[in-house]
Amino acid sequence: MVRHSRQRDAVLANLCSRYDHPSAEDIYLSLKPEMPAISLATVYRNLAQLESDGKIIRIGSGGTARYDGNISPHYHLSCLQCSGVVDVFMDDDCGICEKAAKVFDGTIISHSVLFTGYCSECSKKRG
Ligand SMILES: [Zn+2]
Ligand SMILES: [Zn+2]
């Protein structure tokens, strides 16, 4: 059990130290050299646990899930060119949960927005 929480701490620390919104496999590959015993399945399990604890955010981007250790409210853009996921910070809450609650009779807890387009690097390259 102790070993499991140590691995979870390592997964969380890795995720919080980077801003590239890695996939589970990216995290696994970067932890493997220092934690040879870690497996991809363990990384997935720890990510699921951290997500349900509200410590990380999962970003669905066309198949492969990407993860974010920054849980402050912000949005993401998935780049069509380099497949990168970058942060989009907006000051104001767009009120979409309230708007959706008016037309939906279930319970809305949160929402996520994924923009698609080109990151700033790729936009520059495209001219
Ligand atoms: Zn890009
Ligand atoms: Zn983010």
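**Domain contact and a three-stranded sheet**

Eight residues of domain 1 are in contact with seven residues of domain 2. The model is a predicted one. Strand 1, residues 57–61, gives the most to the side of domain 1 that touches domain 2. Its share is three residues. By residue class, this side of domain 1 holds one nonpolar residue, five polar residues and two charged residues.

The two domains follow one another along the protein. Domain 1 covers 1–70, and domain 2 covers 72–127. Their C-alpha centres are 22 Å apart.

The model also contains an open sheet of three strands. The strand order is 4-3-5, and the pairing is mixed. Strand 4 (85–88) and strand 5 (114–117) are the edge strands. Each of these edge strands pairs on one side only. On average, neighbouring strands of the sheet are turned by 30° against each other, with direction ignored.

Strands of a sheet pair through backbone hydrogen bonds, and the pairing can be parallel or antiparallel. Strand 3, residues 75–79, runs antiparallel to strand 4. Four bridges join strand 3 to strand 4. One bridge pairs Tyr 75 with Val 88 of strand 4.

How values were computed. Residues numbered from 1 in each chain as written. Chains lettered and ligands numbered in written order. Predicted model: local features only at pLDDT ≥ 70, side-chain atom pairs only at ≥ 80, totals over all residues. Domains from an automatic or database assignment. Contact = placed C-beta atoms within 7 Å. Helix = DSSP H or I, 4+ residues; strand = E, 2+ residues; numbered from the N terminus. Nonpolar A, V, L, I, M, F, W, Y, C, P; charged D, E, K, R; others polar. Pairing = 2+ DSSP bridges. Axes fitted to C-alpha atoms, helices over the stretch in contact; angles between N-to-C directions.
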